[in-house]
Amino acid sequence: MTPQDTAELVRISGLADVSREELKKWYGLMHLSRVLDDKAPNYLKQGLGWSYHAPCAGHDAIQLALGMSFRPNRDYLFPYYRDLATCVAAGLTAEEILLNGMSKAADVASGGRHMSNHFAKPGIGIQNVSSCVSNHAQHAAGLGRAVKTYRKDAIVFCSVSPRRIRPPTSTPATTSRASRTSR
Ligand SMILES: Cc1ncc(C[n+]2csc(CCOP(=O)(O)OP(=O)(O)O)c2C)c(N)n1
């Protein structure tokens with residue numbers, strides 16, 4: 001990539017309008033998240049923590065954007081187990097991530113009782129979710145509806161694997177028996 005290409009990329013992305021301090025902050029958050037993500041398997045191999053580890057590597061930039069959009073004590077965030085960088089950007093400290101990974105009593109997510117990589121900080125609005133994949137989408141949708149009904153200034157974020165989001169389909173193979181008979 002030539003310097004001209006880089007300049008063009010910066011222009012298109014709008015990053016030229018972002019201050020140097022802000023960029024450094026974003027980079028720092030992504031770097032911190034990646035360092036924690038890389039360290040986690042070492043704790044696991046040594047039997048010190050992380051009953052299991054699902055990396056966030058590769059999701060860094062999108063997770064940063066999600067976490068930075070979250071307004072602590074106002075919005076609600078329902079992360080999933082790969083959302084380490086999201087949660088670091090949203091307000092979890094490195095120490096809190098480690099306490100969660102090592103199931104310590106001081107863990108803000110669950111006092112060390114939930115599985116590792118279940119990031120939460122209910123005190124600022126990062127919800128503690130179930131281990132059943134995508135189950136929290138229902139809770140988030142319900143809360144989103146309540147926010148709308150009561151006209152609150154809050155955003156409900158819900159993060160699930162992209163593979164869980166499938167377009168609706170109406171092919172015969174997936175049409176339910178009930179809808180077939182009602183036609
Ligand atoms: C209801 C339920 N079934 C099975 C599991 C075991 N399980 C944990 S992670 C996972 C894979 C989830 O894949 P995906 O949602 O695509 O997320 P990815 O890890 O690929 O980001 C499964 C099957 C579970 N947690 N909950």
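**Exercise 1. The overall layout**

How many helices and strands does the secondary structure of the chain come to? Give their order too.

*Solution.* The model is predicted. Start with the count: there are 7 helices and 2 strands. Next, read from the N terminus: the elements run α-α-α-β-α-α-α-β-α. Now turn to burial. Of the 183 residues of the chain, 28% count as buried. Finish with the contacts. Take those between residues at least 6 apart in sequence: 56% of them join residues at least 24 apart.

**Exercise 2. The span of helix 2**

Compare the expected span of helix 2 with the distance between its end C-alpha atoms.

*Solution.* Helix 2 covers residues 20-45, which is 26 residues. The expected span is 1.5 Å times one less than the number of residues. For helix 2 that comes to 38 Å. Its end C-alpha atoms are 38 Å apart, so the two values agree. What follows the helix? G47 does, and its phi is positive, near 70 degrees.

**Exercise 3. The buried side of helix 2**

Which elements help to cover the buried residues of helix 2?

*Solution.* First, find buried residues: S33, D37 and A40 in helix 2 are buried. Then recall the geometry. An α-helix has 3.6 residues a turn, so residues three or four places apart point the same way. Last, look for the cover. It includes helix 3 (60-69), helix 4 (84-90) and helix 5.

**Exercise 4. Helix 2 against helix 5**

Are helix 2 and helix 5 roughly parallel or roughly antiparallel?

*Solution.* Take the axes first: they come within 11 Å and cross at roughly 20 degrees. Angles under 35 degrees count as roughly parallel, so helix 2 is roughly parallel to helix 5. The crossing is right-handed. Now list the residues that meet. Helix 2 brings L32, L36, A40 and Y43, while helix 5 brings A94, I97 and G101. Sort them by class: 6 are nonpolar, 1 is polar and none is charged.

**Exercise 5. The place of I97**

Is I97 buried or exposed? Find its contacts as well.

*Solution.* Locate I97 first: it is in helix 5, residues 94-101. Count the neighbours: 25 other C-beta atoms lie within 10 Å of I97. The cut-off for buried is 20 or more, so I97 is buried. Now leave out residues up to four places away in sequence. I97 then touches L36, L84, V88 and L92. Take L84 from that list. I97 and L84 are 13 residues apart in sequence, and their C-alpha atoms are 8.0 Å apart in space.

How values were computed. Residues numbered from 1 in each chain as written. Predicted model: local features only at pLDDT ≥ 70, side-chain atom pairs only at ≥ 80, totals over all residues. Helix = DSSP H or I, 4+ residues; strand = E, 2+ residues; numbered from the N terminus. Buried ≥ 20, exposed ≤ 12 C-beta atoms within 10 Å, placed from the backbone. Contact = placed C-beta atoms within 7 Å. Axes fitted to C-alpha atoms, helices over the stretch in contact; angles between N-to-C directions. Parallel < 35°, antiparallel > 145°, perpendicular 65-115°, else oblique. Left-handed = near helix turned anticlockwise from the far one by under 90°. Nonpolar A, V, L, I, M, F, W, Y, C, P; charged D, E, K, R; others polar.
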